[in-house]
Amino acid sequence: DLETKGDKIFFRIFNTKPAIKQQTEQGALGLENVKKQLELLYPDAHSLQINDGNDGFLVSLIVKQY
């Protein structure tokens with residue numbers, strides 16, 4: 001889902017988990033890079049929430065437009 005309301009952009013996505021859990025050491029590396037980029041590009045103007053459920057991940061991002 002992607003929508004705008006007022007001066008904010010709302011993005012929401014659900015990603016299912018694989019049936020067989022895979023072991024990776026780099027799993028959080030991409031996520032950490034995304035968090036750093038958001039802080040550099042939208043300091044104090046974004047909110048990122050990641051909910052880890054049984055079936056998958058629900059990611060919600062809100063960005064305030066300039």
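A contact here means heavy atoms within 4.5 Å. Keep that handy for these exercises on a predicted model.

**Exercise 1. Work out the layout of the chain and how far apart its contacting residues lie in sequence.**

Step 1: Start with the elements: the protein chain has four strands and one helix.

Step 2: Put them in sequence order, and you get β-β-α-β-β.

Step 3: Now take the contacts with a separation of 6 or more; 53% of them in the protein chain join residues 24 or more positions apart.

**Exercise 2. Find out how much of the chain is buried and what its surface is made of.**

Step 1: Buried means under 20% relative accessible area. Of the 66 residues in the protein chain, 9% are buried.

Step 2: The chain's accessible surface is about 5800 Å², and carbon and sulfur atoms hold 52% of that.

**Exercise 3. Go through salt bridges of the model and place the partners.**

Step 1: Get the count, which is four salt bridges. Three of them follow, pair by pair.

Step 2: D7 pairs with K64, with the closest N and O atoms 3.9 Å apart. This one links distant parts of the chain: D7 sits in the loop between strand 1 (2-5) and strand 2 (8-16), while K64 lies in strand 4 (residues 56-64), 57 residues apart. D7 is partly exposed at 34%, and K64 is partly exposed at 39%.

Step 3: E32 and K35 also form a salt bridge (3.8 Å, N to O). They're three residues apart in helix 1 (residues 29-41), so about one helical turn separates them.

Step 4: Finish with K5 and E3, whose closest N and O atoms are 4.0 Å apart. K5 is exposed at 52%, whereas E3 is partly exposed at 41%.

Notes:
Residues numbered from 1 in each chain as written. Predicted model: local features only at pLDDT ≥ 70, side-chain atom pairs only at ≥ 80, totals over all residues. Heavy atoms only, no water. Helix = DSSP H or I, 4+ residues; strand = E, 2+ residues; numbered from the N terminus. Buried < 20%, exposed > 50% of the residue type's maximum accessible area, 1.4 Å probe, protein only. Areas by Shrake-Rupley, 256 points an atom, 1.4 Å probe, with all protein chains shown as cover. Salt bridge = Lys/Arg side-chain N within 4 Å of Asp/Glu carboxyl O.
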